[in-house]
Amino acid sequence: MLSKRNFFPFNLLNAYPNLRRFLRSDWFPDRLNYGFTFTFFAIVVAMLFLAPQTRDQNIALNFFWAWWWPLILISFPFVGRLWCSICPFMIYGEVVQKLSLWLFPRQLKHWNRDVSERWGGWFLFGLFVLIYLWEELWDLQNTAYLSAYLLLLITAGAMICSLIFERRYWCRYLCPIGGMNGLFAKLSMTELRAQQGTCSAECTTYQCYKGGVKKGEGLETNGCPLYSHPAQLQDNRDCVLCMTCLKACPHRSVEFNLRPPAIELWTTHVPRTYEVALLLLLLGGAFLHRLPEITSVFGLPTITAAFFPHLAVSLLILIVSAAIPLVTYGIMRSLYFLTIVWRKNCEDNQLPFSITACKPRPFIQLAYGYLPLVLGANLAHYLRLFLQEAGRVLPVTWATFGLDGSTLPIFIAHPAVISFLQGTTLIFSVLLTWVLTQKIARQPWRSLMPQHLSAVILAIALWIVIVAPT
Ligand code: SF4
Ligand code: SF4
Ligand code: SF4
């Protein structure tokens with residue numbers, strides 16, 4: 001891995017002073033969150049419990065699955081973890097933290113960084129597995145009160161951690177949605193960073209990190225809620241774009257940069273095993289969401305009525321999808337060793353060929369090359385919901401309140417348009433996967449051919465179960 005990023009970032013805050021003014025103002029994110037998101041979330045959860053339980057009759061359920069999921073997936077390549085700056089789960093965590101400190105003043109627990117780094121990721125991975133199975137086995141996408149429980153479960157995690165630990169421990173280490181956001185945020189074309197030169201030469205207070213009172217241009221804050229230092233940030237996963245550091249910095253050191261998408265993955269990135277496991281899980285999730293299509297492709301009977309067969313098949317889908325990149329890697333390594341053997345023979349027997357030139361990089365590095373495909377696969381799945389159901393806002397809202405809105409206008413895309421967009425998304429994802437894999441590995445195409453082919457095979461399989469049935 002390269003350790004130096006030799007590109008010239010384009011600081012959007014200098015180019016657009018109004019953006020800087022907005023991000024430093026009380027509006028972002030506090031007024032937005034406490035004025036709107038806090039109440040909006042409560043209304044959504046109440047509607048999930050009280051209104052009709054299916055997506056075609058409950059606007060909150062429609063909003064969660066047909067709006068929120070596709071839009072957050074689309075947002076990752078542009079603004080990374082921005083969702084986490086306006087996330088209601090954590091707003092409730094923050095409210096509870098402030099309230100409890102006001103009622104019972106005390107020192108909240110410090111973080112054990114070593115233990116959290118080692119186990120936090122696996123905890124959120126486990127939660128994500130359970131959420132996938134829950135979603136699939138109990139049809140959360142079409143059962144409003146269970147979707148409400150899912151939202152409340154994540155909110156409860158944020159609230160409990162905020163009562164025990166200082167700052168946003170849940171967001172840094174344990175939140176399953178945060179884990180996914182952090183993973184996809186690596187692909188973003190924007191980043192928040194600080195100028196290392198300014199920080200080391202001019203700063204003695206580090207109030208972006210520690211918090212503190214107003215100093216010069218720097219406003220009073222509690223410091224970075226994730227305990228990240230913007231000058232040392234090397235991975236978008238460690239920043240929730242709350243802009244606390246931007247407000248706190250008295251030296252105008254904090255930048256919000258336009259950058260080559262995913263640059264950290266081939267420069268400063270430190271791969272982590274749990275992240276790779278999560279990546280493979282998210283790949284499997286895209287297939288799992290298409291279980292009916294998969295059973296129909298294989299001519300199997302519908303299994304969703306029987307719990308244990310349904311569970312077994314769901315687990316099988318997750319495992320098989322994750323196994324494809326792993327098996328591919330095994331093939332790459334085998335080819336490499338075969339090459340060594342054949343090269344030796346070549347010296348002895350004048351065999352004129354070799355299969356692969358370079359020793360494959362560790363799987364934990366190369367696996368990140370699949371990230372665009374994983375994002376594209378999930379987006380392709382949710383595009384159908386988005387383009388077929390999001391535009392039914394009016395009749396679904398009417399139905400939510402028990403009214404007949406069947407004559408109200410709807411805005412839905414033609415199935416051919418949906419297929420086209422899904423297909424384009426998958427093709428584009430494969431191309432980006434090839435490019436990213438090349439950038440990460442920095443090895444000849446021939447050496448990485450098995451991984452490139454496995455991306456194609458996965459995309460074809462996704463096409464069969466996602467695009468073809470639309
Ligand atoms: S990490 Fe989870 S709880 Fe925290 S802001 Fe992001 S989505 Fe919300
Ligand atoms: S970002 Fe600002 S407050 Fe933080 S260390 Fe750099 S100069 Fe200091
Ligand atoms: S680095 Fe800055 S924007 Fe990112 S989480 Fe910390 S305070 Fe918020």
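**Figure 1. Two domains and the distance between them.** In this predicted model, the C-alpha centres of domain 1 and domain 2 are separated by 27 Å. The domain assignment of the protein chain places domain 1 at residues 10-266 and domain 2 at residues 273-467. Have a look at both stretches before moving on to the places where they meet.

**Figure 2. Where domain 1 touches domain 2.** The contact between the domains draws 35 residues from domain 1 and 34 residues from domain 2. On the domain 1 side, at least two residues each come from helix H4 (59-79), helix H6 (113-137) and helix H9. Which helix gives the largest share of this side? That is H4, with ten residues. Sorted by class, the side of domain 1 that touches domain 2 holds 26 nonpolar, five polar and four charged residues.

**Figure 3. The surroundings of ligand 1.** Several cysteines are found around ligand 1, including Cys84, Cys87, Cys171 and Cys175. Phe89, Met90, Ala158, Trp170, Ile177, Gly178, Asn181 and Val240 also belong to this shell. Three helices each provide at least two of the shell residues: H5 (88-103), H8 (169-174) and H9 (176-185). H9 makes the largest contribution, with three residues. You may recognise H9 from the previous view, as this helix also supplies at least two residues of the domain 1 side that touches domain 2. How many charged residues does the shell around ligand 1 have? There are no charged residues here; the shell consists of ten nonpolar and two polar ones.

**Figure 4. The surroundings of ligand 2.** Here 15 residues surround the ligand, and the closest are four cysteines, Cys199, Cys203, Cys208 and Cys249, together with Ser253. Helices H10 (196-202), H11 (207-210) and H12 (244-248) are the elements that give two or more residues to this shell. Eleven residues of the shell around ligand 2 are nonpolar and four are polar, while no charged residues take part.

**Figure 5. A three-stranded open sheet.** The strands follow the order E1-E3-E2, with antiparallel pairing. Why do E1 and E2 each have one side without a neighbour in the sheet? Strand E1 (10-11) and strand E2 (190-194) stand at the edges and each has a single partner strand, so one side of each stays unpaired in the sheet.

**Figure 6. A closer look at E2 and E3.** Strand E3 covers residues 254-258 and runs antiparallel to E2, with five bridges joining the two. To find your way along this pair, start from Glu191, which faces Asn257 in E3.

How values were computed
Residues numbered from 1 in each chain as written. Chains lettered and ligands numbered in written order. Predicted model: local features only at pLDDT ≥ 70, side-chain atom pairs only at ≥ 80, totals over all residues. Pairing = 2+ DSSP bridges. Helix = DSSP H or I, 4+ residues; strand = E, 2+ residues; numbered from the N terminus. Near = placed C-beta within 6 Å. Nonpolar A, V, L, I, M, F, W, Y, C, P; charged D, E, K, R; others polar. Domains from an automatic or database assignment. Contact = placed C-beta atoms within 7 Å.
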